[in-house]
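Good morning, and thank you for coming. Please take a moment with the sequence and the model before I turn to its charged pairs, one of its pockets and its nonpolar core.

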Amino acid sequence: MPAARRILIMGAAGRDFHDFNVAFRGDPAVRVAAFTAAQIPNISGRRYPPALAGRLYPEGIPIRPEAELERLIREDSVQEVVFSYSDVSHAEVMHRASQAIALGADFRLLGPFATMLDSRRPVVSVCAVRTGCGKSQTARRLAEFLHAQGVKTVVVRHPMPYGDLEAQRCQRFSSLEDLDTQHCTIEEREEYEGHIRLGHVVYAGVDYGEILAAAEQEAEVILWDGGNNDLPFYRPDLHVVLADPHRAGHEIAYHPGEANLRMADVVLLAKSGSASPSALLRVQRNVSRLNPAARIVEADSVLQVDDPSRIAGRRVLVVEDGPTVTHGEMPHGAGYLAATRWGASEIVDPRPYALGSIHEAYSRYPHLAAVLPAMGYGREQMAELKRTIEAVPCDLVLIGTPLDLGKLLDIGKPMLRVGYELDEASARVLEEEVATLLREAVCSPG
């Protein structure tokens with residue numbers, strides 16, 4: 001028999017594992033020499049465990065830093081590099097391709113036919129062209145609508161397995177206590193907590209075939225809540241994709257966001273109310289050119305603050321959703337907008353007070369200035385975030401993340417949470433699309 005083809009998978013602790021599970025695990029014609037890890041701190045140096053990797057990998061598969069890519073290709077005689085992470089510019093993808101090709105390896109991107117699993121239930125997916133477009137508020141609203149129709153719905157969230165991979169194989173969350181029991185990071189809590197507070201069951205983990213089988217046992221509809229700008233892991237019956245006119249042009253410049261755009265049934269132009277008319281028109285034209293069959297919906301994100309009078313005249317520290325303002329490249333989010341709208345006397349610059357990996361993030365993402373990214377990919381980083389917040393001289397901490405950060409970190413400062421909700425007009429349009437899907441799928445509510 002010919003020798004197995006040696007493959008390396010480039011990832012960020014998410015799609016890389018899914019691609020392996022569905023396209024390579026159990027295939028004797030290939031051997032995955034290693035995963036490489038990027039974007040997320042402290043996720044390399046682990047192994048993909050044998051219990052997940054299968055019988056061909058009795059010792060599991062090493063996970064190495066992406067900086068070692070060229071050495072791994074040389075030393076492991078890698079013949080093919082598979083790129084398996086998201087929210088990367090088209091130019092960056094090709095730089096990685098050039099690295100592999102220059103060393104003699106093939107470079108490959110897996111498509112939907114190779115990676116999407118089919119469900120016995122209708123699937124509604126909420127994805128985007130970039131991180132930070134507003135997927136969370138959209139997914140929450142659609143889940144609420146489905147529940148209001150009496151349709152048993154579970155949310156399946158894009159993976160964020162940053163801890164014990166075997167323990168995170170198939171996770172189910174139905175209470176806030178589950179987040180503590182399963183040692184969720186800040187990033188995981190940001191995505192799960194909003195759903196759980198509304199009574200929605202959330203699944204996530206590593207093995208999305210096993211997750212799908214479990215979700216189908218209790219759901220009539222599955223709502224895929226996407227991560228970054230990645231494609232769904234399950235083949236959608238209704239594919240909703242968000243674009244952001246505040247980053248006009250990004251919808252055709254990032255991988256795999258452009259593919260999402262081209263596949264969409266509905267394209268939601270998020271934050272349209274605060275975007276410039278020229279930027280909005282640019283995005284509309286790009287959508288119409290790339291996907292003329294898609295329904296385009298202008299949407300707005302409505303700021304939600306319990307007591308905005310507390311902001312006026314105060315020196316505030318703004319803490320924003322981490323992924324949105326780091327690799328999502330947004331300069332700020334809901335917290336900063338609330339501070340400016342409701343009259344903060346000063347938005348305190350957190351950079352002089354940043355510690356450890358939080359300080360390093362400002363070097364890695366130089367566009368950040370007036371806001372603090374809520375980064376917490378492990379206990380050590382959570383502690384650094386807590387100490388940074390405590391060190392900043394301010395009257396009020398504005399929390400622009402979807403989770404109750406003050407409760408999690410027990411910060412001894414006055415805090416005020418800021419959030420976004422989808423505006424009613426665009427929400428009703430999406431609900432009409434979902435209702436049509438339910439009728440076509442002959443899914444009877446109740």
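A residue is called buried when its relative accessible area is under 20%, exposed when that figure is over 50%, and partly exposed in between. By that cut-off Asp87 is buried, since its relative accessible area is 4%. I should say at once that this is a predicted model.

Let me stay with Asp87 and its partner. The side chain of Asp87 meets that of Arg130 in a salt bridge, with 2.6 Å from N to O. Where do the two residues lie? Arg130 belongs to the loop between β8 (123-128) and α6 (135-148), and Asp87 to the loop between β5 (80-83) and β6 (88-89), so the pair ties together parts that are 43 residues apart in sequence. Arg130 is buried as well, because its relative accessibility is 1%. In general terms, side chains of opposite charge can pair when their charged atoms come close.

A second pair is formed by Asp244 and Arg247, whose side chains meet in a salt bridge at 3.0 Å, N to O. Is Asp244 buried or exposed? Asp244 has 2% relative accessibility and therefore counts as buried. Arg247, at 6%, also falls in the buried class.

The third pair is Arg315 with Asp395, where the closest N and O atoms of the salt bridge are 3.3 Å apart. Arg315 lies in strand β18 (residues 315-321) and Asp395 in the loop between α15 (379-391) and β21 (396-400), so this salt bridge ties together parts that are 80 residues apart in sequence. Here the accessibility class is partly exposed: Arg315 stands at 31%, and Asp395 has a relative accessible area of 33%.

Beyond single pairs, salt bridges link Arg5, Glu80, Asp106 and Arg108 in a network. How many salt bridges are there in total? With a side-chain nitrogen of Lys or Arg required to be within 4 Å of a carboxyl oxygen of Asp or Glu, the count comes to 32.

I turn now to the second largest pocket. Its space amounts to about 500 Å³. The lining consists of 23 residues, and those nearest the centre are Gly163, His183, Cys184, Thr185 and Arg379. Which helix gives the most to this lining? That is α15, with 4 residues. Both α8 (186-197) and α15 supply at least two residues each. By character, the lining of this pocket divides into 8 nonpolar, 9 polar and 6 charged residues.

My last topic is the nonpolar core. As a general rule, in soluble globular proteins, nonpolar side chains tend to be buried together. The largest nonpolar core of this model has 149 residues, and Phe20, Tyr48 and Tyr234 touch the most other members. Helix α17 (residues 424-440) gives the most to this core, with 7 residues.

Tyr48 deserves a closer description. Leaving aside residues up to four places away in sequence, the contacts of Tyr48 include Phe17, Phe20, Phe35, Ile61, Leu165 and Val206. Asn21 is also among the residues that Tyr48 touches. Asn21 is placed in helix α1 (residues 15-24) and counts as buried at 9% relative accessibility. With the same sequence neighbours set aside, Asn21 touches Tyr48, Leu52, Val206 and Asp207. Val206 is thus a contact of both Tyr48 and Asn21.

Technical notes. Residues are numbered from 1 along each chain as its sequence is written. This is a predicted model: local features need pLDDT of at least 70, side-chain atom pairs count only at pLDDT 80 or more; totals for chains, interfaces and linings use all residues. Side-chain values use heavy atoms; hydrogens and water are left out. Buried means under 20% relative accessible area, exposed over 50%, partly exposed in between (1.4 Å probe, protein chains only). On a 1 Å grid over the protein atoms alone, a cavity is a set of points where a 1.4 Å probe fits but cannot get out, and a pocket is an open set with protein on both sides within 12 Å along at least five of seven lines; lining residues have an atom within 4 Å of a point. Grid points are joined across faces, edges and corners, and a volume is the space filled by probe spheres set on the points. Ala, Val, Leu, Ile, Met, Phe, Trp, Tyr, Cys and Pro count as nonpolar, Asp, Glu, Lys and Arg as charged, and the others, Gly among them, as polar. Contact means heavy atoms within 4.5 Å. A nonpolar core is a set of buried Ala, Val, Leu, Ile, Met, Phe, Trp, Tyr and Cys residues joined through side-chain atoms within 4.5 Å.
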